[in-house]
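Grab a pencil and keep the viewer open. Here are a few exercises, each with a solution worked out step by step.

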Amino acid sequence: MDIEKVNSMDFGEFVDVFGNVIERCPLIAAAVWSQRPFSNLEDLEKHFFAFIDALPQSGREGILRCHPDLAGRELQQGTLSAESRREQSGAGLTSLDADERLRLAELNAQYRARFGFPFVLAARRSDRAAVPRELARRLRCPPAQELRTALAEVKKIGHLRLADLLGAHPAGL
Ligand SMILES: NC(=O)NC1=NC(=O)NC1=O
């Protein structure tokens with residue numbers, strides 16, 4: 001899909017296509033639509049990220065809370081979004097053994113209890129060994145720093161999803 005096609009979309013089509021670039025936050029696409037026309041993929045992405053950066057802390061934390069846990073209940077129940085399912089299975093999280101799943105569940109619970117939002121990481125840039133290691137490492141970070149780190153991961157996920165939608169090759173982020 002080229003940027004001219006994106007710029008020609010009406011509101012409904014735009015949100016249909018881009019509504020899940022940021023997981024379960026179609027509001028962001030709904031807001032970004034007003035910024036058209038976009039000069040290219042980077043410009044479109046810049047508007048998604050600018051919306052996030054302009055939110056108050058409660059809004060940025062809210063975006064994190066819209067993310068399903070990695071290898072969590074939604075993965076087991078099959079209620080993940082198509083994008084999340086692809087990302088999580090791509091990182092090998094659909095084939096964890098019981099011990100691995102339990103360890104991740106425990107770490108996710110500790111993380112959520114400490115920060116008040118779920119652990120978020122771009123699964124496509126990770127794998128089944130790195131996820132628990134990263135979770136355990138970030139669990140020890142100061143809250144303000146961890147909020148910044150988690151949002152950077154949301155942007156990595158968004159960058160990869162936008163690149164998929166526009167048929168571009170994701171830059172190393
Ligand atoms: N909590 C999460 O990090 N969730 C996710 N990361 C991804 O890359 N896809 C997800 O669903």
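**Exercise 1.** Find which residues are around the ligand, then pick out the atoms that approach a nitrogen atom of the ligand.

*Solution.* Step one: list the neighbours, counting a residue as near if one of its heavy atoms lies within 4 Å of the molecule. You should get Pro 68, Leu 70, Ser 84, Glu 87, Gln 88, Phe 119, Val 120, Leu 121, Ala 122, Ala 123 and Ile 157.

Step two: look for polar contacts, meaning pairs of N or O atoms within 3.5 Å; within protein, one must be able to donate a hydrogen and the other to accept it, and residues adjacent in sequence count only if both atoms are side-chain atoms. Pro 68 brings a backbone N or O atom to 2.8 Å from a ligand nitrogen. Leu 121 also uses a backbone N or O atom, 2.8 Å from a nitrogen of the ligand. With Glu 87, a polar side-chain atom sits 2.7 Å from a ligand nitrogen.

Before you go on: this is a predicted model, where local features need pLDDT of at least 70, side-chain atom pairs count only at pLDDT 80 or more, and totals for chains, interfaces and linings use all residues. Residues are numbered from 1 along each chain as its sequence is written, and side-chain values use heavy atoms, with hydrogens and water left out.

**Exercise 2.** Split the chain into its domains and describe how they meet.

*Solution.* Start with the bounds, which come from an automatic or database domain assignment: domain 1 covers 3–62 and domain 2 covers 69–158. Their centres, taken over C-alpha atoms, are 24 Å apart.

Next, count contacts (heavy atoms within 4.5 Å): eleven residues of domain 1 touch twelve of domain 2. Then take the buried area, the accessible area (1.4 Å probe) that two parts lose on being put together, summed over both. That comes to about 1,000 Å², with 59% from carbon and sulfur atoms. On the domain 1 side, Arg 24, Phe 49 and Glu 61 lose the most, together 38% of what that side buries.

**Exercise 3.** Track down the salt bridges, both between the domains and in the whole structure.

*Solution.* Use this rule: a side-chain nitrogen of Lys or Arg within 4 Å of a carboxyl oxygen of Asp or Glu. Side chains of opposite charge can pair when their charged atoms come close. The whole structure has 14 such bridges, and the count between domain 1 and domain 2 is two.

Now zoom in on Arg 24, whose side chain meets that of Glu 74 in a salt bridge (2.8 Å, N to O). Check its backbone too: Arg 24 has a positive phi of about 55°, although it isn't a glycine.

Finally, try Arg 161 and Glu 23, which form a salt bridge at 2.7 Å, N to O. This pair links distant parts of the chain, 138 residues apart.

How values were computed:
Helix = DSSP H or I, 4+ residues; strand = E, 2+ residues; numbered from the N terminus.
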